[in-house]
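Biologist: Could you take me through a single part of this model, slowly, as you would for someone in their first year?

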Amino acid sequence: MSTTMQPPAASPKHSNRLGYVTADYKGADSTLCAGCGHDAITSQIIKAFYEYGVEPYNVAKLSGIGCSSKTPAYFLSRSHGFNGVHGRMPALATGVLLANKQLVSIGVSGDGDTASIGMGQFVHLLRRNVPMIYIIENNGVYGLTKGQFSATADLGSKAKSGVANDLPPIDVCAMAIELGCNFVARSFAGDPKQMVSLLKAALGHRGTAMFDVISPCVTFNNHDGSTKSYKYAKDHEELLHEISFVPFFEQITVDYAEGETKDVELHDGSHIRLRKADKGYDPTSKAEAFNTLRQCQESNEFLTGLIYINEQKPDFLSLLNMTDDPLATLPQERTQPSENDLREIMADLM
């Protein structure tokens, strides 16, 4: 878990602020189906981490089980990787960050891994505000087991076999807001510009950044009856705003007209700049986020963009008032009570 390796001494011609090139953020070749939305998400993660300037050796990437959970192998090969059991990635991530709170953590899950078997863990991750980026690669089906409906499949949508789904979907964004998540975003795998901006904003957020990405399954859920296909997503996307993200380490240049933008200051001093839609959407309003999600659901649209943000809630590690040094780096004499301390404890119990 330690991060002892240093970045290159000399910066290559095409490198980021740390001197790394794009190849330093790539992973193994993908074994997913050609055209899978998950691979598009992988590409945007690579781009966002490179452009933001994240130290690759200081990243912990986590996953559970499913097609989505294979994807961490395809980015940031020089980082720490943990593949847990089905739906248990949140507990794994919490343990990792308790051991070393200096790591940048990104978890990749799927709609089955999160909204079904992992729902209990997902709920408590959000409630605790564990500082990590949590991506749901949402395609509405269980791809590894041949395309059954998942809990996020829309009511009335059809499977590849023609069978219609007769159960209502779980809206993970609405649920995340209800549970107190303070960074909730949704995007589409086929919108790289929006995804990169949102991912960089998530990197600047201190707390759980929940990111739901509609990611079509080209094998089992990309047909005319699907509501999570490429065509349906492009036809029914409701864009909240155009977003650009300005990291704190770059000179900020602003080109805006009065009344058209809103800046939100993040904990690391960086800003996310929102260009509002005509209806004046305010992502700091929980009530407006709920109402807009419901309205779009009723009109068979899905929102994309930063749906809700609140930078005031402390994250889980801050609440625990932990030592400044990562637990994983502490010597034994600082983690083990002394003999005298143990005697006093035992005396109090007698």
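Modeller: Happy to! Let's begin with helix H6, which is largely enclosed by the rest of the structure because 10 of its 12 residues are buried. Keep in mind that this is a predicted model. The helix covers residues 192–203, and the buried ones are Gln194, Met195, Val196, Ser197, Leu198, Leu199, Lys200, Ala201, Ala202 and Leu203. From its first C-alpha to its last, H6 reaches 16 Å, close to the 16 Å expected at 1.5 Å a residue.

Now let's look at what H6 belongs to. Together with strands S7 and S8, helix H6 makes a right-handed β-α-β unit. Strand S7 takes in residues 183–188, while S8 takes in residues 208–214. These two strands pair in the parallel sense, over five bridges. To find one of the pairings on your screen, pick Arg186 in S7: its bridge partner in S8 is Asp212.

S7 has another neighbour to trace. It also pairs with strand S13, residues 302–309, this time in the antiparallel sense and over four bridges. Here you can look for Val184, which stands opposite Tyr308 in S13.

Finally, stay with S7 and turn it around. In a regular strand the side chains alternate between the two faces of the sheet. On one side of S7 you will find Phe183, Ala185 and Ser187, and on the other Val184, Arg186 and Phe188; all of them are buried, and both faces are covered. Six of the six residues of S7 are buried, then, and the strand is mostly covered.

Conventions. Residues numbered from 1 in each chain as written. Predicted model: local features only at pLDDT ≥ 70, side-chain atom pairs only at ≥ 80, totals over all residues. Heavy atoms only, no water. Buried < 20%, exposed > 50% of the residue type's maximum accessible area, 1.4 Å probe, protein only. Pairing = 2+ DSSP bridges. Right-handed = clockwise from strand over helix to strand, strands pointing away. Expected span 1.5 Å × (residues − 1).
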